[in-house]
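Please open the model in your viewer and keep the selection tool at hand. The tour below moves from one selection to the next and says what is found at each stop.

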Amino acid sequence: MHLKQSLIIAVTLVIISVTAWELFWRSQGVYPTLDDNEALWANQRARVEKATNNDILLMGSSRVLFDMQLDQWQEQTGIRPIQLASVGSSPLPIFHDVVENTKFNGTILVGVTPGLFFSTTNPDAQPWQWPQSKVDFYKKRTYAQMSNHLLSIPLQKNLAFISEDQGVDGVKLKELLGKISIGNRVVDSMPPFHAFGEIALDRNLKMKQITVTDTAYANSVIKVWRFFMKAAASGPPPDKASTMAFFLKDLKKFKARGGQVILVRCPSSGSLRFGENMGVPRANFWDDLVKQSHVKAYHFEDYESFKNLKCPEESHLSGKDAAYFTTEIVKIMKADGALSNSKNN
Amino acid sequence: MLFNSLSFVVFLVIVLALYYSKLFNWTSKKRMLLFASYVFYGLWNPPLVILLWISTMVDWVAGKKLAVEDNQKRRKLWLMLSMFVNLGFLAFFKYRDFLLDNFTTVVNTYGYGYQTQPMDIILPMGISFYTFQTMSYTIDMYLRRTERAKTFLDFALYVTFFPQLVAGPIVRAQDLISQFYEEKRATVNQFIWGIFLLTLGLFQKVVMADTLLSDAVDTVYGSDKILNFWDAWMGTLAFSGQIFFDFAGYSTCAIGIALMLGIILPDNFKYPYGSLGFSDLWKRWHITLSSWLRDYLYIPLGGNKHGVVRMYAALMITMLLGGLWHGAAWTFIVWGGLHGSYLILERLQRQYLPFKITKWNGMFLAFTTFTCVNITWVFFRAKEFKTAWNMITSMFYLNPEGEKVLTSFDILKVGMVIGLLFICHWFMRNTSVEAVSKRLSPIVLAVVWAVMFFLVVISQGSGEQFIYFQF
């Protein structure tokens with residue numbers, strides 16, 4: 001065997017093919033991005049262990065991720081919040097984890113997306129399972145997993161084809177094969193779902209500009225929200241009683257040790273807002289939550305300055321609007337004395 | 001640490017750099033390898049390295065005593081100590097909840113209303129592998145089949161050698177410890193072939209098991225519905241491929257990595273899906289475990305030396321315990337029981353209905369063996385009997401209206417991969433990758449190698465755990 005010769009040829013071919021693969025995806029408009037995976041979340045969760053009562057934790061669903069911009073928050077308060085929100089998730093498992101497993105007694109902003117917050121306490125349901133899997137990962141993560149993530153960051157930042165994106169935006173072999181469709185043996189009615197945000201190492205997330213500039217792209221995301229709304233309408237109704245009870249119990253414990261909670265209802269618009277009003281009307285859900293929680297609470301519809309905000313895909317703000325929303329809502333909170341722990345106060 | 005992870009790439013580069021540097025003499029290199037092996041294991045869960053230390057200490061002391069002790073009673077006591085500690089670890093960490101559950105079920109059938117709380121203790125990675133490996137040393141010392149390890153360092157490295165620590169191959173003392181006595185350096189060809197085997201192993205794991213087959217398996221076995229004939233079969237066939245590529249991939253990586261250090265590890269798989277019958281299968285599938293079970297269980301139980309009934313009983317007990325070795329659940333015991341039954345039926349056939357295997361009936365026999373093996377995989381993969389039974393009824397077309405969960409492309413993909421796997425095993429059954437590679441031109445080998453590596457890179461394994469780690 002001429003193994004040395006084979007090795008040299010193989011290495012050359014690999015370098016050529018991997019370079020060509022990277023260039024191909026860049027020519028298709030794919031660029032390097034970080035993955036919003038469990039490891040990235042766990043790094044922020046680890047910061048909570050050393051957080052003081054001056055610190056602020058952000059929890060909730062993707063609306064908190066998109067709409068609360070860490071730079072603007074820091075500008076206004078001098079404190080950079082710890083972003084723990086999780087897409088498609090109820091905030092309850094993560095809030096429960098912080099209350100039960102840490103000594104944190106600063107401020108927690110809880111984003112209330114009613115369809116998720118009041119959805120369920122069933123551990124097998126997606127709005128619970130997704131955030132709980134992040135909490136479990138953090139508890140059980142190994143040193144090997146930590147170092148794998150650390151080593152993967154430079155690759156994620158520099159190579160477009162290194163991506164954990166799934167579905168229509170996926171570029172790894174499994175996702176590419178998943179796009180091949182023959183016949184209609186099993187009908188998948190879920191519309192193609194783009195990854196329309198970009199996340200940073202501290203989990204500050206911004207909407208991709210294409211969502212703002214390309215209506216067809218934004219409409220494809222809206223179709224997904226409509227798919228979920230339709231699925232929710234035919235599924236079990238919101239479990240207000242158990243979700244409220246679960247949250248209020250943790251809230252009581254958190255307040256007892258000096259912690260402070262702020263509830264925020266981030267903007268939504270168009271048919272999604274209409275659907276939310278039908279399925280989880282404000283009076284029955286948000287207002288009742290605020291009444292029973294006895295904490296500061298801010299609903300976007302209560303402020304003139306937010307009336308003209310329009311979400312490009314009906315559920316999240318563009319980067320520019322998110323910066324505005326964050327700045328303004330922090331000002332409102334400060335004026336209201338809700339951020340009494342922040343350094344600037 | 002997983003072979004298919006970035007940390008391992010960095011780890012291996014550092015280990016190789018230190019191993020081939022002129023900084024250390026051979027003893028220091030072995031110390032470095034031992035330390036690296038503890039790091040390899042400890043990066044998963046540092047406190048559980050203590051179990052490795054205990055197992056190493058106990059078996060080192062037991063081996064030392066067995067080497068000098070002539071009193072048969074005392075020799076037996078030292079052997080029992082080793083067995084007690086190693087099997088005790090397994091009982092506590094792996095079988096505790098299973099035993100407790102069954103105990104609870106039994107006492108509750110008599111109306112005691114006994115309640116237990118699962119202890120939810122973590123299963124130390126690879127515990128079934130390293131305990132079996134160290135036990136083989138003390139048993140061989142007891143039977144005077146092997147020499148005592150010359151130094152504690154050699155023995156500790158034998159127990160902990162990182163390439164095969166968590167998922168085998170399970171290596172016998174005489175095959176590995178003696179390799180540590182003299183300085184080992186891989187030749188250039190050995191080193192390059194080691195890299196090739198590492199690439200091949202990663203290709204099997206990352207591309208074949210995780211990328212091409214795992215989703216179909218998870219979809220089928222994760223479904224709570226009664227499935228269609230095609231879905232049940234394709235999910236099961238996909239699992240037969242997934243578990244082979246996953247485990248054989250690990251073994252191939254381990255053999256390749258060891259070879260890069262100049263250490264030879266035994267083969268663990270020899271194209272098992274090309275087997276002509278079940279005795280042949282167990283000479284080709286997880287060879288180091290099946291030979292362990294043969295030497296330390298089947299033969300001590302009587303083997304074929306005490307008549308037919310005793311032989312069948314020994315065979316069945318061995319396979320049932322072999323099933324239990326894989327996991328603490330009745331489904332694994334049934335898996336072992338089915339293999340035990342197949343082996344007994346095969347022996348009966350050989351006795352009463354012998355026939356000559358030709359190249360014409362051989363492929364049919366291999367296909368029949370593969371089909372029967374697939375039926376056993378149902379019990380191995382299903383989490384509970386209900387799922388297994390639903391799958392079996394669907395596979396035998398007893399649920400004609402069953403749910404479809406796989407797309408046409410999934411069926412085509414699994415069909416092609418498993419079809420090629422079977423054909424490849426059939427044609428490779430009497431040869432090896434090395435022999436085939438020697439016949440290839442260097443350019444063809446390079447292209448095959450590059451394609452495998454490229455596919456590994458674009459599959460970007462997200463560090464999915466090897467299935468056999470849980471055993």
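Before selecting anything, bear in mind that this is a predicted model. Begin by colouring chain B on its own: within this chain, residues 24 or more positions apart account for 76% of the contacts with a separation of 6 or more. With the secondary structure displayed, chain B shows 18 helices and 0 strands. Its radius of gyration is 23 Å, close to the 23 Å that the globule rule gives for 471 residues, so chain B is as compact as a globular protein of that length. Taken along the principal axes, the box filled by the C-alpha atoms of chain B is roughly 65 × 65 × 50 Å, and 48% of the 471 residues in this chain count as buried.

Next, select residues 26-42 of chain B, which form helix α2, a run of 17 residues that reaches 24 Å from its first C-alpha to its last, close to the 24 Å expected at 1.5 Å a residue. Now show the side chains of B:K29, B:K30, B:L33, B:L34, B:S37, B:F40 and B:Y41, which are the buried residues of α2(B). These residues cover an arc of only 140° around the axis, which puts them on the same side of α2(B). To see what they pack against, add α1 (6-20), α3 (49-68) and α6 (152-160) of chain B to the view.

Stay in chain B and move to helix α8 (residues 188-221), where B:I192 is found. Is B:I192 buried or exposed? Because it has 23 C-beta neighbours inside 10 Å, B:I192 counts as buried. If residues up to four places away in sequence are left out, B:I192 touches A:L3, A:K4 and A:L7, and these contacts lead the tour across to chain A. For a sense of distance before leaving, pick B:L79 as well, which is 113 residues from B:I192 in sequence and 41 Å from it in space, C-alpha to C-alpha.

With both chains visible, look at where they meet: 33 residues of chain A are in contact with 38 residues of chain B. On the side of chain A that touches chain B, α1 (3-27), α8 (143-158) and α9 (173-178) of chain A each supply at least two residues, and the largest share, 12 residues, comes from α1(A). Coloured by residue class, this side of chain A divides into 18 nonpolar, 10 polar and 5 charged residues.

Hide chain B and colour chain A by its two parts, domain 1 (1-30) and domain 2 (31-335). The C-alpha centres of these two domains of chain A lie 39 Å apart, and 5 residues of domain 1 are in contact with 5 residues of domain 2.

For the last stop, select residues 240-256 of chain A, which make up helix α12, with 17 residues and a reach of 24 Å from its first C-alpha to its last. Which residues of α12(A) are buried? They include A:T243, A:M244, A:F247, A:L251 and A:F254. Seen down the axis of α12(A), the buried residues fall within an arc of 95°, so they line one face of the helix. The face turned away from that buried side carries the exposed residues A:A241, A:K249, A:K252 and A:A256. Adding α5 (92-101), α6 (114-117), β6 (260-265) and α14 (286-293) of chain A shows what the buried residues of α12(A) pack against. Finally, step past the helix to A:G258, which follows α12(A) and whose phi is positive, near 100°.

Notes: Residues numbered from 1 in each chain as written. Chains lettered and ligands numbered in written order. Predicted model: local features only at pLDDT ≥ 70, side-chain atom pairs only at ≥ 80, totals over all residues. Helix = DSSP H or I, 4+ residues; strand = E, 2+ residues; numbered from the N terminus. Rg over C-alpha atoms; globule rule 2.2 N^0.38 Å. Buried ≥ 20, exposed ≤ 12 C-beta atoms within 10 Å, placed from the backbone. Contact = placed C-beta atoms within 7 Å. Expected span 1.5 Å × (residues − 1). Arc of directions from axis to C-beta. Nonpolar A, V, L, I, M, F, W, Y, C, P; charged D, E, K, R; others polar. Domains from an automatic or database assignment.
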